[in-house]
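Morning, everyone. Please bring the structure up on your screens, and we will walk through it together.

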Amino acid sequence: MGERRMAPSGVHAADRRGDRIRERIRADHRHRMEETMKCPQCRTPMQSRRENYRWDASGLSNVVLIDVEVRRCPACGEHTVVIPRIEELHRTLAMAVISRPGRLAPQEIRFLRKWLGWSGQDFARHFGVTPTTVSRWESLEDPSPMGGTAERLLRLAVAHGQPAEQYPVSRLAEIDDSQDASPRLIAFKSSRGGWEQAAA
């Protein structure tokens, strides 16, 4: 007959301690989730459901998020929307804005500028215009249309896919419109990594 082996008593005690620790962690997690599900205004438990949500926090009034979690307070009406991967959403939204045909609306220009990480002053400097011009491009009350060339340049900056801290736009401000437009010699040399610009 086979012998029944008994585990050392310390093993069962360790298992019980591990179970208690795991249960405390689960209870702590449940408590944190319940706290995050309380209304920030009146502390009433919020009700959560999935729905289509018009999201104007981006500064654009025409954005709808499909089937996202929305938490609503039944007592005071406060609500919050849970947006996973918000940076990816902003990038996708920026690509959708620059891909649509037609001129950019003032709120779209503002959204793209902010997505690039530019202040109004930065935008004006990069595009060689005054801050007042940028304000007029973004004005909802009395908009001044952005010129076609400037709009294409903005779309290209966004299409490059890099917010301002990674996009080398500082060179744009160095362009001197008063200089002659004749071509200058540009030298390149081949290296193991490929071609690179060299001193002429």
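Let's start with the order of the elements. From the N terminus on, the protein chain runs α-β-β-β-α-α-α-α-α-β-β. That gives six helices and five strands. Keep in mind that this is a predicted model. The protein chain has 200 residues, and 25% of them count as buried. Now take the contacts between residues at least 6 apart in sequence. Of these, 47% join residues at least 24 apart.

Next, the helices. Find helix α2, residues 86–99, and helix α3, residues 106–116. Their axes come within 10 Å and cross at roughly 135°. How are α2 and α3 placed relative to each other? An angle over 145 degrees would count as roughly antiparallel, and 65 to 115 as roughly perpendicular. The crossing of roughly 135° fits neither range, so α2 and α3 are oblique to each other. The crossing is left-handed. Which residues make the contact? On the α2 side, look for H90, R91, L93, A94, V97 and I98. On the α3 side, look for E108, F111, L112 and W115. Sorted by class, this contact has seven nonpolar residues, one polar and two charged.

Stay on α2, but turn to another partner. Helix α6 covers residues 148–159. Here the axes are 10 Å apart, and the angle is about 150°. Anything over 145 degrees counts as roughly antiparallel, so α2 and α6 are roughly antiparallel to each other. This crossing is left-handed. From α2, the contact uses A94, M95, V97, I98 and S99. From α6, R155, V158 and A159 take part. By class, that makes six nonpolar, one polar and one charged. Compare the lists for a moment. A94, V97 and I98 of α2 appear in the contact with α3. A94, V97 and I98 also appear in the contact with α6.

Now the aromatic rings. How many aromatic pairs does the structure hold? It holds five. We describe a pair of aromatic rings by the distance of the centres and the angle of the planes. Let's try that on F127 and W137. Their ring centres are 6.4 Å apart, and their planes stand at 80°. Planes over 60 degrees apart count as edge-to-face, so that is what this pair is. Where do the partners sit? F127 is in helix α4, residues 120–127. W137 is in helix α5, residues 131–138. They are 10 residues apart, and the pair links distant parts of the chain.

Are these residues buried or exposed? Buried means under 20% relative accessible area. F127 has 13%, so F127 is buried. W137 has 6%, so W137 is buried too. There is also a wider group to find. W118, F123, F127 and W137 form one aromatic cluster.

Last stop, a strand. R50 lies in strand β1, residues 47–54. Is R50 buried or exposed? Its relative accessibility is 52%, and the exposed class begins over 50%, so R50 counts as exposed. What does R50 touch, leaving out residues up to four places away in sequence? The answer is D67, V68 and E69. Finally, find R71. R50 and R71 are 21 residues apart along the chain, and their C-alpha atoms are separated by 8.7 Å.

That's the tour. Thanks for listening.

Technical notes
Residues are numbered from 1 along each chain as its sequence is written. This is a predicted model: local features need pLDDT of at least 70, side-chain atom pairs count only at pLDDT 80 or more; totals for chains, interfaces and linings use all residues. Side-chain values use heavy atoms; hydrogens and water are left out. Axes are lines fitted to C-alpha atoms, for helices over the stretch in contact, and angles run from 0 to 180 degrees between N-to-C directions. Helices (H or I, at least four residues) and strands (E, at least two) are DSSP runs, numbered from the N terminus. Angles under 35 degrees count as roughly parallel, over 145 as roughly antiparallel, 65 to 115 as roughly perpendicular and the rest as oblique. A crossing is left-handed if the near helix is turned anticlockwise from the far one by less than a right angle, and right-handed if clockwise. Contact means heavy atoms within 4.5 Å. Ala, Val, Leu, Ile, Met, Phe, Trp, Tyr, Cys and Pro count as nonpolar, Asp, Glu, Lys and Arg as charged, and the others, Gly among them, as polar. Rings of Phe, Tyr and Trp (its six-membered ring) pair if their centres lie within 6.5 Å; planes under 30 degrees apart count as stacked, over 60 as edge-to-face and the rest as tilted. Buried means under 20% relative accessible area, exposed over 50%, partly exposed in between (1.4 Å probe, protein chains only).
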